[in-house]
Amino acid sequence: MTDETLPTRPDRVADSERKRRGALLFLRDILIIVVIALLVSFLIKTFVVRSFYIPSGSMENTLQISDKIIVNELQPSVFPLSRGDVVVFRDPGGWLPPKAPVQRNPVASAVDTALTFVGLSASDSDDHLVKRLIGLPGDRVACCDAAGRITVNGVAIDEPYTIIEPGQTNAATVRFAVTVPAGAIWVMGDNRYNSQDSSRNQSLPGHGFVPLDHVVGRAFVVSWPVQRWSWLDDYPEVFRGVEENKE
């Protein structure tokens, strides 16, 4: 017969303690990973990119209602904006109608708040606007020339991305001639006859200009739905020659 040494009680206690400590260390490591992932997601959403959904048809057909877009927050904070960029910005004041309070399920509200915190939801999209940048600081923007086109620094631009209602020829619903002040931009929706943009808000205190510090960033991709996935074009050829003609 072969003698087998049975573990003593102290050995069994020590082995159980090692297993318990191993499980606790594993749970600790998982918790650290989750916290780091949440922190990284928060930092990315706050300083690099974040998501917004499109609540209106003002940018059709470039953007459709309920599209989700990814916004590069390094523009204009680090890199400059360009004419033709699709930009997301906070309401300069009075562009959006007052919103009625929305009653939400507490659980759904908490989940949405958490997802917004890490950048996977966009609960504040209704407080922002999405338009195309037409004029940079110092630009002279006017509408319209004899062909109904907008001019920037005296150069008429042909805009293939716009929707103009049947029977209309002008690229804006109202005539205007403005010089964009320092620290601001002039923006317009691609769906020109269905957009609360700079041209329609000239009577407000900001005279239709959007302060650069209100710009969240430049939208660069449609991320959802999958069939709509695409890069957003800034149409540099449309604005070619505008800078050269700037005084």
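**Nonpolar cores, strand pairing and salt bridges**

Among the 21 residues that make up the largest nonpolar core, those touching the most other members are I134, V141, I150, I157, F176 and W186. Two or more residues of this core come from each of β5, β6 (150-152), β8 and β9, with β9 giving the largest share, three residues. The model examined here is predicted. In soluble globular proteins, nonpolar side chains tend to be buried together.

I150 illustrates the contacts made by a member of this core. Leaving aside residues up to four places away in sequence, I150 touches I134, V141, A142, C143, V155, A156, I157, E159, A171, F176, M188 and R192. A separate core of 13 residues lies apart from the largest one and includes L63, V71, V130 and L232.

Strand β3 pairs with two other strands, β4 and β11. The pairing with β4 is antiparallel and runs over five bridges, and within it V86 stands opposite R132. Strand β11 (residues 215-224) is also antiparallel to β3, the two being joined by four bridges; here the bridge partner of V86 is A219. Because four of its five residues are buried, β3 is largely enclosed by the rest of the structure.

The loop between β3 and α3 (106-117) contains L96. This residue has a relative accessibility of 27% and therefore counts as partly exposed. L96 and H128 are separated by 32 residues in sequence, while their C-alpha atoms are 8.5 Å apart in space. With residues up to four places away in sequence left out, the contacts of L96 are D91, D126, D127, H128 and L129.

Side chains of opposite charge can pair when their charged atoms come close. Seven salt bridges are present in the structure. One of them joins the side chains of D139 and R83, with an N to O distance of 2.8 Å. D139 is in the loop between β4 (128-135) and β5 (140-143), and R83 is in the loop between α2 (74-77) and β3 (86-90), so this salt bridge ties together parts that lie 56 residues apart in sequence. D139 is buried at 0% relative accessibility, and R83, with a relative accessible area of 10%, is buried as well. R83 and D139 also belong to a network of salt bridges that includes E243.

A salt bridge is likewise formed by R132 and D190, whose closest N and O atoms are 2.8 Å apart. R132 belongs to strand β4, whereas D190 is in the loop between β9 (184-188) and β10 (210-211), and the pair thus links distant parts of the chain, 58 residues apart. Both R132 and D190 are buried. R132 is the residue that V86 of the β3 and β4 pairing stands opposite.

E159 and R192 form another salt bridge, again with 2.8 Å between the closest N and O atoms. E159 lies in the loop between β7 (155-156) and β8 (176-179) and R192 in the loop between β9 and β10, so the pair ties together parts 33 residues apart in sequence. The relative accessible area is 11% for E159, which is buried, and 1% for R192, which is also buried. E159 and R192 are both among the residues touched by I150, one of the core members with the most contacts to other members.

Methods: Residues numbered from 1 in each chain as written. Predicted model: local features only at pLDDT ≥ 70, side-chain atom pairs only at ≥ 80, totals over all residues. Heavy atoms only, no water. Salt bridge = Lys/Arg side-chain N within 4 Å of Asp/Glu carboxyl O. Buried < 20%, exposed > 50% of the residue type's maximum accessible area, 1.4 Å probe, protein only. Core = buried A, V, L, I, M, F, W, Y, C linked by side-chain atoms within 4.5 Å. Contact = heavy atoms within 4.5 Å. Pairing = 2+ DSSP bridges.
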